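Work through the exercises below with the model open beside you. Try each task before reading its solution.

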Amino acid sequence: QDAWHLDSVGLPASVSGPFSVSVNFTVAVTDFSASSISVANGSVTNFAEQNGSNYSFTINPAAPGSVTVSIRDGVTHSSAGNGNVASNTLTTTYSGQ
């Protein structure tokens, strides 16, 4: 299985609006999309592929409270057919606007 990491540089414990996230796979993947991303209390917008192994997107919190972002295992694959391992989970609190 191929590894990857969710990164939101400087993501504070609390946010007051949308925030950016990047995904970096160790190898290129062929079928990663916005629907591959699990978000609790929010939605994915501005999904963009930089190349086959680096992606970015914006999380738009839905309501005040905890917001989590992760990618489950096996939702995307390398050209060899290997599935990804589950990501780390990003967690922040949306304070509302």
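The exercises go from the whole chain to single residues.

**Exercise 1. Confidence and overall make-up**

Task: State how many helices and strands the chain has, and find the elements with the lowest and the highest mean pLDDT.

Solution:
- Start with the source: this is a predicted model.
- Check confidence for the chain. Its mean pLDDT is 88, and 90% of its residues reach 70 or more.
- Go to the elements. Strand S1 (residues 4-7) has the lowest mean pLDDT, 60, and S4 has the highest, 97.
- Apply the usual caution: where pLDDT is low, predicted coordinates should not be read in detail.
- Count the elements. There are zero helices and eight strands. Along the sequence the pattern reads β-β-β-β-β-β-β-β.
- Add the burial figure: buried residues make up 35% of the 97 residues.
- Add the surface. The accessible surface comes to about 4,700 Å², and 48% of that belongs to carbon and sulfur atoms.
- Finish with contacts. Among those with a separation of 6 or more, 60% are between residues 24 or more positions apart.

**Exercise 2. Strand pairing**

Task: Give the strand order of the open sheet of four strands, and say which strands stand at its edges.

Solution:
- Trace the sheet. The order is S2-S8-S7-S4, with mixed pairing.
- Look at the ends. Strand S2 (14-15) and S4 each have a single partner strand, so one side of each is left without a neighbour in the sheet.
- Inspect one pair in this sheet. S4 and strand S7 (residues 65-70) run antiparallel and are joined by three bridges. Ser38 stands opposite Ser70 in S7.
- Now turn to S5 and S6. Seven bridges join strand S5 (residues 42-51) to S6, and the two run antiparallel.
- Fix the register: Val44 stands opposite Ile59 in S6.
- Find the connection. A hairpin of two residues joins S5 to S6.

**Exercise 3. The aromatic cluster**

Task: Identify the members of the aromatic cluster, and classify the pairs Phe25–Phe32 and Phe32–Tyr55.

Solution:
- Set the cut-offs. Ring centres must lie within 6.5 Å, and planes over 60 degrees apart count as edge-to-face.
- Count by this rule: there are five aromatic pairs.
- Take Phe25 and Phe32. Their ring centres are 5.1 Å apart and their planes stand at 75 degrees, so the pair is edge-to-face. Both Phe25 and Phe32 are buried.
- Take Phe32 and Tyr55. The centres are 4.9 Å apart and the planes at 70 degrees, so this pair is edge-to-face.
- Place these two residues. Phe32 lies in the loop between strand S3 (19-25) and strand S4 (38-40), and Tyr55 in strand S6 (residues 54-61), so the pair ties together parts that are 23 residues apart in sequence. Phe32 and Tyr55 are both buried.
- Assemble the cluster: Phe25, Phe32, Phe47 and Tyr55.

**Exercise 4. The nonpolar core**

Task: Which residues of the largest nonpolar core touch the most other members, and which element gives the largest share?

Solution:
- Recall the background. In soluble globular proteins, nonpolar side chains tend to be buried together.
- Rank the members. The core has 16 residues, and Phe19, Val23, Phe32, Phe57, Ile59 and Val69 touch the most other members.
- Assign elements. S3, S6, S7 and strand S8 (90-94) give two or more residues each. The largest share, four residues, comes from S3.

**Exercise 5. Two asparagines and a proline**

Task: Are Asn41 and Asn46 buried, partly exposed or exposed? Which residues does Pro64 contact beyond its neighbours within four places in sequence?

Solution:
- Begin with the backbone. Asn41 has a positive phi of about 65 degrees although it is not a glycine. Asn46, also not a glycine, has a positive phi of about 55 degrees.
- Locate both. Asn41 sits in the loop between S4 and S5. Asn46 belongs to strand S5.
- Read accessibility. Asn41 is partly exposed, at a relative accessible area of 23%. Asn46 is exposed, at 58%.
- Move to Pro64, in the loop between S6 and S7. Pro64 counts as exposed at 61% relative accessibility.
- List its contacts outside that sequence window: Asn41, Tyr94 and Gly96.
- Check one distance. The C-alpha atoms of Pro64 and Tyr94 are separated by 4.9 Å, although the two residues are 30 residues apart along the chain.

How values were computed: Residues are numbered from 1 along each chain as its sequence is written. This is a predicted model: local features need pLDDT of at least 70, side-chain atom pairs count only at pLDDT 80 or more; totals for chains, interfaces and linings use all residues. Side-chain values use heavy atoms; hydrogens and water are left out. Rings of Phe, Tyr and Trp (its six-membered ring) pair if their centres lie within 6.5 Å; planes under 30 degrees apart count as stacked, over 60 as edge-to-face and the rest as tilted. Buried means under 20% relative accessible area, exposed over 50%, partly exposed in between (1.4 Å probe, protein chains only). Two strands pair if DSSP finds at least two bridges between them. A nonpolar core is a set of buried Ala, Val, Leu, Ile, Met, Phe, Trp, Tyr and Cys residues joined through side-chain atoms within 4.5 Å. pLDDT is the predictor's confidence in each residue, from 0 to 100. Contact means heavy atoms within 4.5 Å. Accessible areas come from the Shrake-Rupley method with a 1.4 Å probe; for residues, only the protein chains shown count as cover.
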